[in-house]
Amino acid sequence: MLLFNQRLIQQHYGMKEAIADVRATLRAKKNGQIDAPERTVVNVAEYNASALYMPCLNLASQMAAMKVVSIFPTNAKKNLPTTQGAMLLTNMKNGQHIALMNASYLTRLRTGAQSAIATERFAKKDADTLAVIGTGGMAFEQVLGINEVRQLTTIYLYNRTKDKAFTFKQKLADFGVTAEIIVVDSAAEAAKHAQIINCATRSTESVILKSEVQPGTHINGVGSYLPEMREIDTALITADNQIIVDDVEGFKHEAGEFIAAVNDGTWAFDQIFASLEDVVTDETIVRRDDEVITIFKSVGASYYDLAVAEGTYREVKPYGETITIE
């Protein structure tokens with residue numbers, strides 16, 4: 001079995017490859033070649049933390065992956081990562097476990113790839129201004145994904161702890177992002193300038209308000225993944241706006257603000273405009289007009305993890321460390 005650490009994966013597998021692999025896996029899913037049981041979430045109330053267990057099988061490639069990811073928000077105080085994960089890749093032709101890889105970067109990468117695919121289709125073609133609300137662990141690859149599909153000229157950053165926003169700004173610059181990067185004092189200030197909004201928080205209260213979003217904006221919400229969480233104002237969740245989701249069943253159980261809108265009777269799940277699978281396999285699914293607000297909501301699903309696990313194995317195999325488990 002090969003062992004891939006995060007540093008090795010980052011050296012050989014990036015956003016462009018992840019976008020292509022996610023697209024390919026969504027096409028396989030459309031063809032009925034993906035078996036993805038619903039993930040199991042174990043919550044640890046004492047630490048406001050969660051562990052997620054996510055299996056998936058690609059019948060086309062005969063590869064299976066099991067990802068385990070833990071999310072512990074209090075870890076920052078212990079100088080530990082908030083999100084930690086591991087992925088086991090298995091060859092289902094013979095049952096051989098062929099690779100064990102760090103999944104933290106890959107989780108961020110595949111989520112950024114998902115937002116990139118949604119943004120490429122639904123953000124206005126001339127959109128060049130991005131608001132980033134929440135500069136925590138998930139945010140960096142979100143920016144890289146948008147930068148891959150739009151020529152960004154300006155990025156506005158907001159984080160509750162302002163110093164972290166400045167650190168994030170430097171990280172983007174060091175990576176080679178050439179857009180002008182401006183740290184602002186509020187989510188409202190970031191949103192009012194933006195044609196694209198990325199939100200990645202664990203908030204239980206809405207941080208993107210309808211009054212602060214301009215007509216024609218595209219929103220990517222990737223932070224809230226539990227029923228009690230909120231990022232997007234439920235006033236934005238209407239049949240007039242186009243709602244795109246990464247996984248319909250997971251969305252129904254985990255997208256907190258959308259569940260709230262259903263419970264309030266102001267929206268219904270059958271008003272979902274499209275899934276990301278639909279978007280990839282049907283080029284006629286597009287933005288309705290330049291005024292509509294489009295919202296992509298991601299809660300995650302195991303087949304996205306399998307997509308990047310297979311891609312990583314393909315690209316990083318020559319460099320991996322071989323280990324034996326007896």
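**Salt bridges, a pocket and a helix**

User: What makes E249 count as partly exposed?

Analyst: E249 comes out at 44% relative accessibility. Buried means under 20% relative accessible area, exposed over 50%, and partly exposed anything in between (1.4 Å probe, protein chains only). With its 44%, E249 therefore gets the middle label. Bear in mind that this is a predicted model, where local features need pLDDT of at least 70 and side-chain atom pairs pLDDT 80 or more, while totals for chains, interfaces and linings use all residues. Numbering runs from 1 along each chain as its sequence is written, and side-chain values use heavy atoms, with hydrogens and water left out.

User: What makes K252 and E249 a salt bridge?

Analyst: The term needs a side-chain nitrogen of Lys or Arg within 4 Å of a carboxyl oxygen of Asp or Glu. For K252 and E249 the closest N and O atoms are 3.8 Å apart, so the pair meets the cut-off. K252, at 32%, is partly exposed. Both residues sit in helix α7 (residues 248-254), 3 residues apart, or about one turn of the helix. Elsewhere, shared partners link D21, R314 and E315 into one salt-bridge network.

User: What makes α7 a helix?

Analyst: α7 covers residues 248-254. A helix is a DSSP run (H or I, at least four residues), numbered from the N terminus.

User: How many salt bridges are there, and why does the one between K16 and E148 tie together distant sequence parts?

Analyst: The structure holds 14 of them. K16 and E148 are one such pair, at 2.8 Å from N to O. K16 belongs to α2 (residues 15-30) and E148 to α4 (residues 139-149), so the bridge joins parts 132 residues apart in sequence. K16 is exposed at 54%, while E148 is partly exposed at 36%.

User: What makes K29 and E277 another case of this?

Analyst: Their side chains also meet in a salt bridge, 2.8 Å from N to O. K29 is in α2 and E277 in α9 (residues 276-281), so this pair ties parts 248 residues apart. K29 is partly exposed at 24%, whereas E277 is buried at 13%.

User: How do you know how many disulfides the structure holds?

Analyst: A disulfide takes a pair of cysteine sulfur atoms within 2.5 Å, and the count here is 0. As for cysteines, C56 is buried at 5% and C199 is buried at 1%.

User: What lines the second largest pocket, and how big is its volume?

Analyst: Its volume is about 260 Å³. Among its 17 lining residues, D247, E249, G250, A301 and Y303 are the closest to the centre. A pocket is an open set of points on a 1 Å grid over the protein atoms alone, with protein on both sides within 12 Å along at least five of seven lines, and lining residues have an atom within 4 Å of a point. The largest share of this lining, 4 residues, comes from α7. Both α7 and α10 (302-316) give at least two residues. By class, the lining has 5 nonpolar, 4 polar and 8 charged residues.

User: Why is α3 called largely enclosed?

Analyst: Of its 19 residues, 18 are buried, so the rest of the structure largely encloses α3. The helix (residues 104-122) spans 27 Å from first C-alpha to last, close to the expected 27 Å. That expected span is 1.5 Å times one less than the number of residues.

Note on methods
On a 1 Å grid over the protein atoms alone, a cavity is a set of points where a 1.4 Å probe fits but cannot get out, and a pocket is an open set with protein on both sides within 12 Å along at least five of seven lines; lining residues have an atom within 4 Å of a point. Grid points are joined across faces, edges and corners, and a volume is the space filled by probe spheres set on the points. Ala, Val, Leu, Ile, Met, Phe, Trp, Tyr, Cys and Pro count as nonpolar, Asp, Glu, Lys and Arg as charged, and the others, Gly among them, as polar.
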